[in-house]
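Hello,

Here is the structure I promised to pass on to you. Have a look at it first, and then read my notes underneath.

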Amino acid sequence: MRILLVGKGGQVGFELQRALAPLGEIVAVDYPDCDLADPVSIRRVVEGARAGVVVNAAAYTAVDRAESEPERARAINAVAPGVLVRPRAASGPASSTTRPTTSSTARRSRPTRKATAPLP
Ligand SMILES: NC(=O)c1ccc[n+]([C@@H]2O[C@H](COP(=O)([O-])OP(=O)(O)OC[C@H]3O[C@@H](n4cnc5c(N)ncnc54)[C@H](OP(=O)(O)O)[C@@H]3O)[C@@H](O)[C@H]2O)c1
C-alpha cells in the first residue's frame with residue numbers, strides 16, 4: 001500500500017514517517033513541494049503519488065500570525081484537508097488528518113451536551 005504523508009518535516013510528520021513505515025510505501029512531502037495553500041499544488045501531488053491512503057500532518061501552526069493571515073490559515077487548515085481527499089473517486093485514497101489546535105478550533109471542539117444512552 002502506498003501512503004501519501006503531507007507535512008513530513010513537522011513534529012507530527014517526522015514521527016509519522018517512522019510509525020507508518022511498516023504499513024507500506026511512504027511518499028512523504030512537505031512545503032514547497034506540496035503547498036496546502038494552493039489547491040493546484042495539492043492535486044498535483046495527490047495525483048502523482050497514486051496513494052491508497054493520504055495522511056495530513058501539515059498545518060498552519062503559527063498561531064500568533066493567524067489573525068494577520070486569516071485567509072492563509074483558513075486555506076491550509078480548513079480548506080486543504082478537503083482538497084486532499086476531493087480527488088478521491090470510488091477507488092480514491094482514504095485519508096486522515098491531524099486536528100489543528102488553534103483557539104478557534106478548541107472553542108468549537110468542546111463536548112456537546114447531547115444526551116446519550118447505552119445501546120440495548
Ligand atoms: N505536535 C503535537 O504534539 C501535536 C499534537 C496534537 C495535534 N497536533 C496537530 O498536528 C498538526 C501538526 O503539528 P506539528 O506540531 O507537527 O506542527 P509543525 O511542527 O509546525 O509542522 C507543521 C508542518 O506543516 C507544514 N506546512 C506549513 N504550511 C504548509 C503549507 N502551506 N503547505 C504544506 N505544508 C505546510 C510545515 O512545513 P514548513 O516547516 O516547511 O513550514 C511543517 O512541516 C497541527 O494541526 C497540530 O495542531 C500536534
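**One helix and its two sides**

Let me begin with helix α2 (residues 39–49), whose buried residues are Ile 42, Val 45, Val 46 and Ala 49. These four sit on the same side of α2, because they cover an arc of only 95° around the axis. The spacing fits a simple rule: an α-helix has 3.6 residues a turn, so residues three or four places apart point the same way. Val 40 and Glu 47, on the other side of α2, are exposed.

What do the buried residues of α2 pack against? Their partners are β1, β2, β3 (53–56) and α4 (70–85). Just after α2 comes Arg 50, which has a positive phi, near 45°.

Please keep in mind that this is a predicted model.

**The strands beneath**

Strand β1 (residues 2–6) pairs with strand β2 (residues 25–29) in the parallel sense, over five bridges. The chain gets from β1 to β2 by way of α1, and this β-α-β crossover is right-handed. Two of the pairings are easy to find on screen: Ile 3 has Ile 26 as its bridge partner in β2, and Leu 4 has Val 27.

β1 also runs parallel to β3, and four bridges join the two. Here Leu 4 turns up again, standing opposite Val 54 in β3. Is β1 mostly covered or mostly open? It is mostly covered, with four of its five residues buried.

**The chain as a whole**

Stepping back, the protein chain has five helices and four strands. Along the sequence they follow the pattern β-α-β-α-β-α-α-β-α. The chain holds 120 residues, and buried ones make up 27% of them. Among contacts with a separation of 6 or more, 58% are between residues 24 or more positions apart.

**Around the ligand**

Which residues come nearest to the ligand? Of the 22 residues around it, they are Gly 10, Val 12, Ala 58, Ala 59 and Thr 98. Helix α1 (residues 11–20) gives the most to this shell, with three residues. By type, the shell divides into 11 nonpolar residues, eight polar and three charged.

If you want a place to start, try α2: find Ile 42, Val 45, Val 46 and Ala 49, which are buried, then turn to the other side for Val 40 and Glu 47, which are exposed. From there you can go on to β1, β2, β3 and α4, against which the buried residues of α2 pack.

Enjoy exploring, and best wishes!

Notes:
Residues are numbered from 1 along each chain as its sequence is written. This is a predicted model: local features need pLDDT of at least 70, side-chain atom pairs count only at pLDDT 80 or more; totals for chains, interfaces and linings use all residues. A residue is near a molecule or strand if its C-beta atom, placed from the backbone, lies within 6 Å of it. Ala, Val, Leu, Ile, Met, Phe, Trp, Tyr, Cys and Pro count as nonpolar, Asp, Glu, Lys and Arg as charged, and the others, Gly among them, as polar. A residue is buried if 20 or more other C-beta atoms lie within 10 Å of its own, exposed if 12 or fewer, and partly exposed in between; C-beta atoms are placed from the backbone. Two residues are in contact if their C-beta atoms, placed from the backbone, lie within 7 Å. Two strands pair if DSSP finds at least two bridges between them. A crossover is right-handed if, with the strands pointing away from the viewer, the path from the first strand over the helix to the second runs clockwise. The arc is that of the directions from the helix axis to the C-beta atoms.
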